[in-house]
Amino acid sequence: MPWGPNQCERIRDLDEAMSRQIEANDIVFAVHIPLPTKEMSPWFQFILVILQLDIAFKKNNEIKDNAEVTLDVSLAYRDDMFSEWKEMAHAIETRKLKCSFASPKTIEHEGRYYDCDVLPFMEIGTVAHKFYLLNIRLPVNERKLINVGIGEIKDVRLVGIHQNGGFTKVWFAMKTFLTPSIFIIMVWYWRRITMMTRAPVLLEKVIFALGISMTFINIPVEWFSIGFDWTWMLLFGDIRQGIFYAMLLSFWIIFCGEHMMDQNERNRFSGYWKQVGPIAVGAFCLFIFDMCERGVQLKNPFYSIWTTDVGTELAMAFIIVAGICLCLYFLFLCFMVFQVFRNISGKQSSLPAMSKARRLHYEGLIFRFKFLMLITLACAAMTIIFFIVSQVTEGHWKWGDFTIQVNSAFFTGIYGMWNLYVFALMFLYAPSHKNYGEDQSNGDLGVSSGEELQLTTTITHVDGPTEIYKLARKEAQE
């Protein structure tokens, strides 16, 4: 314990230890989380700790190439200032040093510090206790070359990062409000579908599946993290978000494909396996990558995939490849939207031959549909930017030079955008069951008696959810 009534015997620096002939194996760097007079809260959600070593240059003790520092680390907790510490985790970890020295390596510059990258140290997926204590030893074994050739370490610094408690409350409130909103519209939407005399088409099924995945990510299970020590909450949140990403990306492909008139495999999921298959494979790879990091951290919070050269290269490759694939996906989606616009525009050539009322009706439908497609593109672009930025932000402590700051408004804004988009889709594509009379339905609109009208005034036919859906496939005739 570094302070308090039961504090350890303290030394000012390692020079004092050498003068008193204290061996390196007997020196412990002790860190109490949080600072004195403060305490941690479950509203902080997680603790991420970064390690910074102060290493001085010394001519006869330089940092060797590919030097690794070995750490004997222990983590303990307690919930008041008087009870005994309970060990939570213990591990012996190695971290590769990446240091540079700006000045010439001469005797005149001895004592100057190396410029070293920060090192990933620890991550806990819940903050269930008020006080945490870290003990770090740097054991030396010259025969086994443990902690040899790592320079003259002067001090160990730790940076603790956690979520802001105020943001957590806003986030929980959003989820609590949006969960019943999306669930109610989803139940209403599927009830409208089942009341139809026809079977649901593929587009309606995919919209419903998107609603289910949105509800799954909305359910505020995080409330339980306030009262329970569930360290797997971060991993569970990643899995939920991954399922939603896969569903959303698949939906956009099917949504555009179902509105393309030259799509021969329409209303058959098997017709999209070439597009949806890679998305499923990518989502599975994302899951494996996450299990390799946060899955292992459930047992050992000091583990990090970034600590080895292979792990770092794999992690960097994943982020870069994922970013490139998502950009290519967006370009492909833009191409599909362009194809849909071209198909719909080709049908507009028949509009001048229609009566004025029906022409205005179709022009209104086409305008609203094009607007929805542009909103879809904007939503896709923001989602892809969010994914890339969040990956870079999560990794920037671990790979040095690149720093991107993302404020809470961006996270809540993207989350709200997803909910609003899914809500609008289910609202606009839900069939209505209002029947119009014989005299009105046989008028200028050219709608036969008994046809069901959609809420957006798009007509629900027996072979599809909207009139645009039908228009995209065959000629609209008087």
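Here is a student and a tutor talking through why features of this predicted model get the labels they do.

Student: Before we start, what counts as usable here?

Tutor: It's a predicted model, so local features need pLDDT of at least 70, side-chain atom pairs count only at pLDDT 80 or more, and totals for chains, interfaces and linings use all residues. Residues are numbered from 1 along each chain as its sequence is written, and side-chain values use heavy atoms, with hydrogens and water left out.

Student: How many helices and strands are there, and what makes a run count as one?

Tutor: The protein has ten helices and eleven strands. Both are DSSP runs numbered from the N terminus: H or I over at least four residues for a helix, E over at least two for a strand.

Student: How do you know that β3 and β8 pair?

Tutor: Pairing takes at least two DSSP bridges between two strands. Seven bridges join β3 (residues 68-78) to β8 (residues 131-137), so they pair, and they run antiparallel. V73 stands opposite I136 in β8.

Student: What is the order of the open sheet, and why are β1 and β4 called edges?

Tutor: The four strands go β1-β8-β3-β4, with antiparallel pairing. β1 (28-33) and β4 (86-96) each have a single partner strand, so one side of each is left without a neighbour in the sheet. Neighbouring strands are turned by 20 degrees against each other on average, direction ignored.

Student: Why is F386 called buried?

Tutor: Buried means under 20% relative accessible area, exposed means over 50%, and partly exposed is in between (1.4 Å probe, protein chains only). F386 has 6% relative accessibility, so it's buried. W418, at 3%, is buried too. Across the protein, buried residues make up 47% of the 478 residues.

Student: What makes F57 and Y114 an edge-to-face pair?

Tutor: Rings of Phe, Tyr and Trp (its six-membered ring) pair if their centres lie within 6.5 Å; planes under 30 degrees apart are stacked, over 60 edge-to-face, and the rest tilted. A search of the whole structure finds 27 such pairs. For F57 and Y114 it's 6.2 Å centre to centre and 70 degrees between the planes, so edge-to-face fits. F57 sits in the loop between β2 (47-56) and β3, and Y114 in the loop between β5 (99-100) and β6 (115-116), so the pair ties together parts 57 residues apart in sequence. Both F57 and Y114 are buried.

Student: How do you know that F386 and W418 belong in the edge-to-face class?

Tutor: Their centres are 5.7 Å apart and the planes make 85 degrees, so they meet both cut-offs. F386 is in α7 (residues 356-395) and W418 in α8 (residues 408-428), 32 residues apart. Ring pairs link these two into a cluster with F244, Y245, F387, F410 and F411.

Student: What makes the length of α3 close to the expected one?

Tutor: The expected span is 1.5 Å times one less than the number of residues. With 17 residues, α3 (residues 202-218) reaches 24 Å from its first C-alpha to its last, close to the 24 Å expected. It's mostly covered, with 13 of its 17 residues buried.

Student: Which backbone values stand out in Q45 and L145?

Tutor: Most residues other than glycine have a negative phi, and most peptide bonds are trans. Phi of Q45 is near 70 degrees, and that of L145 is near 60 degrees. Q45 is in the loop between β1 and β2, and L145 in the loop between β8 and β9 (152-161).

Student: Are those two residues buried or exposed?

Tutor: Q45 has 12% relative accessibility, so it counts as buried, whereas L145, at 61%, counts as exposed.

Notes
Axes fitted to C-alpha atoms, helices over the stretch in contact; angles between N-to-C directions.
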